[in-house]
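Here is a short report on one model. Look through the sequence and the 3D view first, then read on.

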Amino acid sequence: MPLMQLIYTSRPFGFSGDMLDDILMAARRNNQRNGLTGALICRADLFMQMLEGERSKVTATFGRILRDDRHLEVSLVWVGDAPARLFPNWDMLDDPARSWMWSREDVRGGAVTRASAAEARGVFERVAGEVR
């Protein structure tokens, strides 16, 4: 069964530490049950997430995210088959946006929506390399 990866971005609605904790706890519980792994890069103006796993499970999870009112302006950045997981040991890595990523001004200016699939994948490849 091929491994699928999916990357999306969204803008948080009502971002707070408690909301983020709720999202992460539910994601880790559901992802462990469904055999999914991945990473969520987050800050008050940006969610960027990679999900990895069986196609039907990744697709179902993304469907739930699309219906979740804590996410605004959800945009699918990349989806495809992958030879291996980038985050095999993480039900959901919680990772803050790094200084080498987009600034708040860049995000407001649309940098995330202009980012190519290769750029988005590169962000997660770099994060995966840092947590190994």
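## The largest pocket

Helix H1 gives the most to the lining of the largest pocket, with 6 residues. This is a predicted model. H1 covers residues 17-34. Strand S3 and helix H2 (55-67) also take part, and each of the three elements supplies at least two residues of the lining.

The largest pocket holds about 280 Å³ of space. Its lining counts 17 residues, and the closest to the centre are Ile23, Ala27, Thr61, Ile65 and Asp68. By type, the lining divides into 9 nonpolar, 5 polar and 3 charged residues.

## The second largest pocket

About 220 Å³ of space lies in the second largest pocket. It is lined by 13 residues. Nearest its centre lie Arg11, Asp45, Glu73, Val107 and Val112. Four elements give two or more residues to this lining: strand S1, strand S4 (71-82), helix H3 (104-108) and helix H4 (111-114).

The lining of the second largest pocket has 3 nonpolar, 5 polar and 5 charged residues.

## Strand S3 and its partners

Now to the strands. S3 spans residues 46-54. Is S3 mostly covered or mostly open? It is mostly covered, with 8 of its 9 residues buried.

S3 pairs with S1 (residues 3-12) through 8 bridges, and the two run antiparallel. In this pairing, Leu3 stands opposite Glu54 in S3. S3 also pairs with strand S2 (residues 37-43), here through 7 bridges. S2 and S3 run antiparallel too. Cys42 of S2 faces Phe47 in S3 as its opposite residue. How many residues lie between S2 and S3 in their hairpin? There are 2 residues between them.

S3 thus has a part in two settings. It joins S1 by 8 bridges and S2 by 7 bridges, and it supplies at least two residues of the lining of the largest pocket.

## Helix H5

Helix H5 runs over residues 117-131, which makes 15 residues. Does its length come out as expected or not as expected? At 1.5 Å a residue, H5 should span 21 Å. Its end C-alpha atoms are 22 Å apart, which agrees.

Which residues of H5 are buried? They are Ala120, Val123, Phe124, Val127 and Ala128. These five cover an arc of only 130 degrees around the axis, so they sit on the same side of H5.

Methods:
Residues numbered from 1 in each chain as written. Predicted model: local features only at pLDDT ≥ 70, side-chain atom pairs only at ≥ 80, totals over all residues. Heavy atoms only, no water. Expected span 1.5 Å × (residues − 1). Buried < 20%, exposed > 50% of the residue type's maximum accessible area, 1.4 Å probe, protein only. Arc of directions from axis to C-beta. Pairing = 2+ DSSP bridges. 1 Å grid on protein atoms, 1.4 Å probe; cavity = no way out; pocket = protein on both sides within 12 Å on 5 of 7 lines; lining within 4 Å. Points joined across faces, edges and corners; volume = space filled by probe spheres on them. Nonpolar A, V, L, I, M, F, W, Y, C, P; charged D, E, K, R; others polar.
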